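Trainee: Hi! Could you walk me through this one while I have it open?
Mentor: Happy to, put it on the screen and ask away.

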Protein chains: 2
Amino acid sequence: MLRITKQSDYAIVLMTHITSSEDRWLNASELATQAGLPQPIVSKILKLLTRGRLLESQRGVKGGYCLARSAARITVAEIIEALEGPISVTECVEESPGECTQEAFCPVRGNWQRINHVLRDALSEITLEEMARPSTPALVTLGSREMAPDVTAR
Amino acid sequence: MLRITKQSDYAIVLMTHITSSEDRWLNASELATQAGLPQPIVSKILKLLTRGRLLESQRGVKGGYCLARSAARITVAEIIEALEGPISVTECVEESPGECTQEAFCPVRGNWQRINHVLRDALSEITLEEMARPSTPALVTLGSREMAPDVTAR
DNA sequence: TTAAATCGGACCACAGCGGTCCTGTTTTCT
DNA sequence: AGAAAACAGGACCGCTGTGGTCCGATTTAA
């Protein structure tokens, strides 16, 4: 568990295909064929990616999709968030007071905030360009990131 | 999204309560009161944690639960896995061939494996002892961990 | 004008999650 | 021995969200 949705998974595959042939506009059915996915799903996902400003779309006969910016400047986190909304591990997050069985006596709250940041930043470190390379050399190093302002050495 | 389930969330809260009073056996209704959660849910979660070898249980009148080992040697990842099964971000994982729209031409597969490991290891680094401390000093440093055997500097 | 494509929805089946409850079994206390 | 207190192990169910399909409207090129 702790899964991303299937559609997010598909989205990343589709984005890598678009990255690979980044010269021309690809339409939904071309991409569906390339990825081996049903065309209606592909259309749905491409629409969401366009809404999330990760793709640009061109309507009409010679229309299709292409990246809104370079693959090096698109992150896995952005793709997931375009499909699923903000990444957060727990519900207890982002200032929704009056939820957590009343007050903030909950001991784990602050810690979850940090964990959220770490995981989100981990996925923000991975670019589409890296995902598009089959056997990526420098991926998810994650090194020496510190979340808490008062972090001490372990 | 990318959420853990509510029950995993509850589980961690319950585990921190057990950690705080680690001298005696706490029963389900005591813990339910402490955490402000309905007692049936608490019972269900405690059973799963016991199955996952994170708690030890004592039946009978003076029964209850206590930690199976010290809080410093129980990780957040273990708690989540006791409730939800193995942590994996994507379905495409763990050698299930003949799934991924046939063959392993999928370009992102290898990369997801690494991301899975990074997130799982991140949650494996955080101990229950750290979660039990309200404002944890040294949490989720995650520094200088390398997943791929051929990682190069960025 | 027509055809090809995206856009924006509505729509539905189904699995999984959240939550309750019931019947055993074990243990302690009287 | 018997009763009460607690865990063990399920069955069960409502509901949300996901996966997936489809349709009409709009845009664009030929």
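Trainee: Which part of DNA strand C does the protein approach, going by the atoms within 4 Å?
Mentor: Of those strand C atoms, 70% belong to sugar or phosphate, and the rest belong to bases. Keep in mind that this is a predicted model.

Trainee: Okay, how many residues surround DNA strand C, and which are the closest?
Mentor: There are 24 residues around DNA strand C, and the closest are A:A28, A:S57, A:R59, A:Y65 and B:K6.

Trainee: What does A:S57 touch on DNA strand C?
Mentor: A polar side-chain atom of A:S57 sits 2.4 Å from a phosphate oxygen of DNA strand C. With A:R59, a polar side-chain atom lies 2.6 Å from a sugar or linking oxygen of that strand, DNA strand C.

Trainee: And B:K6, which of its atoms lies 2.5 Å from DNA strand C?
Mentor: For B:K6 that is a backbone N or O atom, and its partner is a phosphate oxygen of DNA strand C. As for elements giving two or more residues to the surface near DNA strand C, chain A offers helix 3 (39-51), strand 1 (55-58) and strand 2 (64-67), while chain B offers helix 1 (6-20) and helix 3.

Trainee: What's the mix of residue classes near DNA strand C?
Mentor: That surface has 8 nonpolar, 9 polar and 7 charged residues.

Trainee: Let's hop to DNA strand D. Which residues come nearest there?
Mentor: Out of 24 residues around DNA strand D, the nearest are A:K6, A:K44, B:K47, B:S57 and B:R59. Sugar and phosphate make up 70% of the atoms of DNA strand D that come within 4 Å of the protein.

Trainee: What does A:K6 do at DNA strand D?
Mentor: A polar backbone atom of A:K6 is 2.4 Å from a phosphate oxygen of DNA strand D. B:A28 also has a backbone N or O atom 3.1 Å from a phosphate oxygen of DNA strand D. B:R59 uses an N or O atom in its side chain, 2.6 Å from a sugar or linking oxygen of DNA strand D.

Trainee: Which elements give two or more residues to that surface near DNA strand D?
Mentor: From chain A, helix 1 (6-20) and helix 3; from chain B, helix 3, strand 1 and strand 2. By class, the surface near DNA strand D counts 8 nonpolar, 9 polar and 7 charged residues.

Trainee: Speaking of strand 1 and strand 2 of chain B, in which sense do they pair?
Mentor: Antiparallel, over 4 bridges, with strand 1 covering residues 55-58 and strand 2 covering residues 64-67. B:L55 faces B:L67 of strand 2 across that pairing. The hairpin has 5 residues between the strands, and B:G60 in it takes a positive phi near 85°.

Trainee: Which residue other than glycine has a positive phi near 65° in chain A?
Mentor: That would be A:R53, in the loop between helix 3 and strand 1 of chain A. In chain B, look at B:L2, where phi is also positive, near 65°. B:L2 lies in the segment before helix 1 of chain B. For context, most residues other than glycine have a negative phi.

Trainee: Is A:R53 buried or exposed?
Mentor: A:R53 is exposed because its relative accessible area is 65%, over the 50% cut-off. B:L2 is buried, at 2%.

Trainee: New topic: how many salt bridges are there over all chains?
Mentor: The count comes to 4. One of them joins the side chains of A:R24 and A:E30, 3.3 Å from N to O. A:R24 counts as partly exposed at 44% relative accessibility, and A:E30 does at 30%.

Trainee: What does A:E78 form a salt bridge with?
Mentor: With A:R69, the closest N and O atoms being 3.4 Å apart. In chain B, B:R69 and B:E78 form a salt bridge with closest N and O atoms 3.4 Å apart. B:R69 is partly exposed at 24%, and B:E78 is partly exposed at 27%.

Trainee: Last one, where is B:K44 found?
Mentor: In helix 3 of chain B, residues 39-51. B:K44 is partly exposed, with 45% relative accessibility. B:K44 and B:A11 are 33 residues apart in sequence, yet their C-alpha atoms are 9.9 Å apart in space.

Definitions and conventions. Residues are numbered from 1 along each chain as its sequence is written. Chains are lettered from A and ligands numbered from 1 in the order in which they are written. This is a predicted model: local features need pLDDT of at least 70, side-chain atom pairs count only at pLDDT 80 or more; totals for chains, interfaces and linings use all residues. Side-chain values use heavy atoms; hydrogens and water are left out. Buried means under 20% relative accessible area, exposed over 50%, partly exposed in between (1.4 Å probe, protein chains only). A residue is near a molecule or strand if one of its heavy atoms lies within 4 Å of it. A polar contact is a pair of N or O atoms within 3.5 Å; within protein, one must be able to donate a hydrogen and the other to accept it, and residues adjacent in sequence count only if both atoms are side-chain atoms. Ala, Val, Leu, Ile, Met, Phe, Trp, Tyr, Cys and Pro count as nonpolar, Asp, Glu, Lys and Arg as charged, and the others, Gly among them, as polar. Two strands pair if DSSP finds at least two bridges between them.
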